[in-house]
Amino acid sequence: MAEHEISKDYLDGYARILAEVSATGRRLTRDELTSRRALGEQAAEAGLALRTLVHDHLAATRAAWPPSPSATDSVLAAVQQAIDAFAEGYERAQRLAVRQEEAARREFIDDLLYGRSDLGRLAERAERFGLRLSYAHAVAVAQGPASYEEGDAVARRVEQSLIARFGDRSPLLTTKDGRMLCIAPGDQDEILLHFAKQAYAATDGGRVAIGRPQPGPGGVVQSYEEALNTLDLADRMELDNPVLRAADLLVYPVLTRDRQAMADLVLSALGPLTTARGGPQPLLDTLTTYFNSGCVTAEAARRLSLSVRALTYRLERIHQLTGANPSDPDHRYMLQTAVIGARLLDWPAKAL
């Protein structure tokens, strides 16, 4: 009832317009339409529901209904014009509010990820978006076949699904550098998994990386960087999982923490393959597939579309060039680590 009383403030001049139209049969003037649009904008900014406002317009129409049947068509046309202009102003204000909210959200995300604001101010702004920076948060990053843009159909579909599923627990969702980001409390992993599922389904492909939960304002940045590094790692290692967790791939950052030591291992163990006819890549691919097949020769040959005899020849050639036998457990760990290091360092495409 209170909302109806407030909404009547936005009917200013409406009864007078209907009375004049009833008497003269005229249409609304340009100034009257402009005033209706302005009142619609003000009502939207005040947070009133459009349904309530239309209800009150119709109630005012009934109260001012002309006694003469001859004025019916004119008054109905005026009502249509007035409500249409009012709704246009209301929708225009809502679109502007959405754009301002998106801009504020993007600015907050940029400041959060790049540390362009003091922590007190950042924490204050975070509450507006449902984040408590004193808690741990995790970030999921979705990368699709095409770039994601703020407000596009895919981003809207994913956001609507999250809101429908989690309601007031819905996370902070935005786009950045052509990717979709989802920031959620660290103890609500189900939100990030649902985001990953929806992002993958919405584009019929792509990949999502989930960083580990990290505490404090800097934790969001750290989790975000972990997710980005995981996407980069997935490309270099040709990992085909649609959802990747940074926590499951920690061995790879460990292996490259001492980059120089890894480069020395790669060159020492695999450098001799550069003298092979056709270069080192075919033999590197052979080792990768052999190790990924559990060192089962027949399975590796099938994956490479080779005969078992041809694969065995390649393994023997690798043994001759490097002095390390891939089928020998004492040599296997060194070779497999070197092969992983080569992919992490993009060797031999990049010189070490």
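**Notes on a predicted model: salt bridges, cores and one helix**

1. Let me start with a pair in helix α13: the side chains of E299 and R303 meet in a salt bridge, with 2.9 Å from N to O. A salt bridge here is a side-chain nitrogen of Lys or Arg within 4 Å of a carboxyl oxygen of Asp or Glu. E299 and R303 are 4 residues apart in α13, about one turn of the helix. R303 counts as partly exposed, at 44% relative accessibility. For burial, the cut-offs are under 20% relative accessible area for buried, over 50% for exposed, and partly exposed in between (1.4 Å probe, protein chains only). Elsewhere, R16, E20, R26 and E32 are joined into one network by salt bridges that share partners.

2. A word on the ground rules before going on. The model is predicted, so local features need pLDDT of at least 70 and side-chain atom pairs count only at pLDDT 80 or more, while totals for chains, interfaces and linings use all residues. Residues are numbered from 1 along each chain as its sequence is written, and side-chain values use heavy atoms, with hydrogens and water left out.

3. Back to α13, where E299 has another partner. R302 forms a salt bridge with E299, and their closest N and O atoms are 2.5 Å apart. Both lie in α13, 3 residues apart, again about one turn of the helix. R302 counts as exposed at 57% relative accessibility, whereas E299 counts as partly exposed at 23%.

4. The structure holds 12 salt bridges. One that you may like to look at is between D235 and R207, whose side chains meet at 3.1 Å, N to O. D235 lies in helix α9 and R207 in strand β4 (residues 207-210), so this pair ties together parts that are 28 residues apart in sequence. D235 is partly exposed at 45% relative accessibility, while R207 is buried, with a relative accessible area of 18%.

5. For the overall picture, the protein chain has 15 helices and 6 strands; these are DSSP runs numbered from the N terminus, with helices being H or I of at least four residues and strands E of at least two. Its C-alpha trace spans about 105 × 45 × 30 Å along the principal axes. The radius of gyration is 32 Å, where a compact globule of 352 residues would have one near 20 Å. That radius is taken over C-alpha atoms, and the globule rule is 2.2 Å times the number of residues to the power 0.38. Buried residues make up 43% of the 352 residues.

6. Which residues touch the most other members of the largest nonpolar core? They are L270 and L273, in a core of 36 residues. Elements giving two or more residues to this core include α9 (217-237), α11 (259-270), α12 (281-292) and α14 (308-322). The largest share, 6 residues, comes from α15. A nonpolar core means a set of buried Ala, Val, Leu, Ile, Met, Phe, Trp, Tyr and Cys residues joined through side-chain atoms within 4.5 Å.

7. L273 touches G279, P280, L283, L284, L287, I318, L321 and T322, leaving aside residues up to four places away in sequence. Contact here means heavy atoms within 4.5 Å. Apart from this core lies another, of 21 residues, among them A142, A184, A196 and I210.

8. G323 sits in the loop between α14 and α15 and is partly exposed, with a relative accessible area of 47%. G323 touches I318 and H331, not counting residues up to four places away in sequence. G323 and L270 are 53 residues apart in sequence, yet their C-alpha atoms are 9.9 Å apart in space.

9. Helix α7 (residues 153-166) has 14 residues and reaches 20 Å from first C-alpha to last, close to the 20 Å expected at 1.5 Å a residue; the expected span is 1.5 Å times one less than the number of residues. V154, A155, V158, S161, L162 and F166 of α7 are buried. They cover an arc of only 130 degrees around the axis, which puts them on the same side of α7; the arc is that of the directions from the helix axis to the C-beta atoms. On the other side of α7, Q160 and A164 are exposed.

10. What do the buried residues of α7 pack against? Their partners are β2 (172-176), β3 (179-185) and α8 (189-203). After α7 comes G167, whose phi is positive, near 55 degrees.
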